[in-house]
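Okay, thanks for squeezing me in. I'll put the model up and then walk you through a few spots in it.

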Amino acid sequence: MAEPVQTPQAFSKRIFSGIQPSGGLTLGNYLGALKRFAEKQNEGIDTIYCLVDMHAITVWQDPAKLRQQTREGAAAFIASGVDPARSILFNQSQVGAHAELAWIFNCVARLGWMNRMTQFKDKTAGKNAENASLGLYAYPSLMAADIMAYHATHVPVGEDQKQHLELTRDIAAKFNHDYGVEFFPIVEPVIEGAATRVMSLRDGTKKMSKSDPSDQSRINLTDDADAIATKIRKAKTDPDPLPDTLDGLKDRPEARNLVNIYAALSGKTAADVVAEHAGAQFVSFKPKLAELAVAVLSPITTEMNRLLRDPAEIDRVLGQGADRAEAIARPIVDKVYDITGMIRSRR
Ligand code: AMP
Ligand code: TRP
């Protein structure tokens with residue numbers, strides 16, 4: 001890809017991240033994204049969080065469900081501690097700057113770069129790729145626009161988004177180079193913590209995903225205490241007890257996953273968890289994990305359900321967030337039109 005470029009120093013730190021409202025959210029979304037989004041609010045910098053509804057329609061969505069899932073997503077952000085007074089929380093389609101900048105980035109990104117995106121390959125694997133939408137293929141260019149429309153410098157995400165952020169850097173660097181400007185910052189992915197990749201409960205080599213056909217593979221943020229306990233009890237493991245060091249988890253993906261989940265939920269390191277539970281059998285470790293998961297998740301589920309009883313209020317919060325987002329993005333995208341030579345003479 002393009003040669004590495006230093007981050008221009010002129011940009012102050014600003015956080016942006018997004019989640020697709022394309023289905024119910026999982027424990028993976030909570031630990032890999034939502035929980036960390038809330039923590040970032042304490043760093044004294046702008047935090048901008050977006051429900052990326054335009055990304056969601058890269059595969060067909062039932063309109064009524066999309067609306068409902070967008071509200072559920074907003075409720076999940078708020079219930080996880082994202083405060084709409086301290087962060088900007090909105091849905092992507094309400095701010096036209098994203099789609100406008102995405103088109104310009106479509107003209108900057110190269111086909112060869114897009115062809116290397118593993119998420120597109122994964123999402124079309126075993127299917128007829130010729131029949132995938134053009135939007136699904138161009139998805140990373142819209143994601144780059146989401147971030148660059150705010151001159152965001154840091155993007156907290158799970159491990160699976162790393163390649164898309166590298167592409168964002170390449171697009172920004174190529175735009176700067178092609179137009180002889182230092183207009184876009186070069187983003188830093190923020191991939192940290194014990195749960196950057198929460199795995200399926202049925203297969204420790206696959207990521208936990210809302211699109212997995214088996215509901216047993218994931219914990220949903222809407223699951224009740226019984227469902228959480230049952231899923232953890234039935235989670236795939238191996239017959240060995242927990243080792244006393246992390247080395248002992250090598251080649252035991254399912255065991256490692258449960259340890260990582262325990263660590264992330266309890267705010268400990270995986271090494272501490274292993275040390276604490278050394279020699280324990282899964283029959284005794286799993287109920288402790290289930291208890292911890294229920295203690296952390298059930299207040300979130302309860303709060304989500306409370307918020308969802310007033311959809312008009314959620315829509316109002318998203319609208320207000322969109323106004324604040326627009327105020328930042330509009331001047332940046334206007335400047336892009338100027339840099340690229342588009343006449344803007346309307347009053
Ligand atoms: P998505 O649900 O694909 O829109 O992802 C939203 C955010 O959650 C992104 O930052 C992802 O990296 C993160 N995420 C999704 N699934 C997982 C997982 N299994 N483990 C960790 N992070 C995840
Ligand atoms: N592609 C991300 C995902 O599937 C969602 C996303 C869209 C995003 N735009 C973003 C994440 C901008 C971070 C920043 O998880």
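One definition before we start: I'm calling something a salt bridge when a side-chain nitrogen of Lys or Arg sits within 4 Å of a carboxyl oxygen of Asp or Glu. And keep in mind that this is a predicted model.

So, confidence. The average pLDDT for the chain is 95, and 97% of the residues come in at 70 or better, that is, at least 70. The part to be wary of is residues 1–7, where pLDDT is below 50. That stretch still has 12 contacts in the model beyond near neighbours in sequence.

Right, salt bridges. There are 24 of them in the structure, and I've picked three to show you.

Start with Lys13 and Glu43. Their side chains form a salt bridge, with 3.5 Å from N to O, which is inside the 4 Å cut-off. What does this pair link? Distant parts of the chain. Lys13 is in the segment before β1, which covers 14–19, and Glu43 is in the loop between α1 (27–40) and β2 (46–51), so we're looking at partners 30 residues apart. Both ends are partly exposed: Lys13 has a relative accessible area of 38%, and Glu43 is at 40%.

Next one, Glu39 with Lys35. Here the closest N and O atoms are 3.4 Å apart. This pair is a local affair: both residues are in helix α1, and because they are four residues apart, about one helical turn separates them. Glu39 is partly exposed at 40% relative accessible area, and Lys35 is also in the partly exposed class, at 22%.

Third, Lys231 and Asp215, where the closest N and O atoms are 3.0 Å apart. Lys231 belongs to helix α9, residues 225–234, while Asp215 is in the loop between β5 (188–190) and α9, so the bridge ties together parts 16 residues apart in sequence. Is Lys231 buried or exposed? Buried, with a relative accessible area of just 4%. Its partner Asp215 is partly exposed, at 34%.

And while we're on salt bridges, there's a network too: Lys13, Lys40, Glu43 and Glu192 are joined through bridges that share partners. So Lys13 and Glu43 from a minute ago turn up again there.

Okay, helix packing. Have a look at α7, residues 134–148, against α8, residues 162–179. The two pack at an angle of about 70°, and their axes are 9 Å apart. That puts α7 roughly perpendicular to α8. Who's touching whom? On the α7 side you have Tyr139, Pro140, Ser141, Met143, Ala144, Ile147 and Met148, and they meet His164, Leu165, Leu167, Thr168, Ile171 and Ala172 on α8. Sort the residues of that contact by type and you get 10 nonpolar, three polar and no charged.

Now Ser141 has another neighbour I want to point out. Ala102, over in helix α4 (residues 97–106), touches Ser141, Leu142 and Ala145, leaving aside residues up to four places away in sequence. Ala102 is buried, with 8% relative accessible area. If you follow the chain 10 residues along from Ala102 to Gly112, the C-alpha atoms of the two are separated by 17 Å.

For a pair with a longer stretch of sequence in between, try Thr245 and Ala278: 33 residues apart in sequence, and 7.8 Å from C-alpha to C-alpha. Thr245 is in the loop between α9 and α10, the latter being 253–266, and it's partly exposed at 42%.

Last thing, backbone angles. As a rule, most residues other than glycine have a negative phi. Which way does His151 go, positive or negative? Positive, near 50°. His151 lies in the loop between α7 and β4 (154–156), and at 14% relative accessibility it's buried. Asp251 has a positive phi as well, near 60°. That residue is in the loop between α9 and α10, where we also found Thr245. Asp251 is exposed, though, at 74% relative accessibility.

That's my tour. Happy to rotate the model if anyone wants another look.

Technical notes:
Residues are numbered from 1 along each chain as its sequence is written. Chains are lettered from A and ligands numbered from 1 in the order in which they are written. This is a predicted model: local features need pLDDT of at least 70, side-chain atom pairs count only at pLDDT 80 or more; totals for chains, interfaces and linings use all residues. Side-chain values use heavy atoms; hydrogens and water are left out. pLDDT is the predictor's confidence in each residue, from 0 to 100. Contact means heavy atoms within 4.5 Å. Buried means under 20% relative accessible area, exposed over 50%, partly exposed in between (1.4 Å probe, protein chains only). Axes are lines fitted to C-alpha atoms, for helices over the stretch in contact, and angles run from 0 to 180 degrees between N-to-C directions. Angles under 35 degrees count as roughly parallel, over 145 as roughly antiparallel, 65 to 115 as roughly perpendicular and the rest as oblique. Ala, Val, Leu, Ile, Met, Phe, Trp, Tyr, Cys and Pro count as nonpolar, Asp, Glu, Lys and Arg as charged, and the others, Gly among them, as polar.
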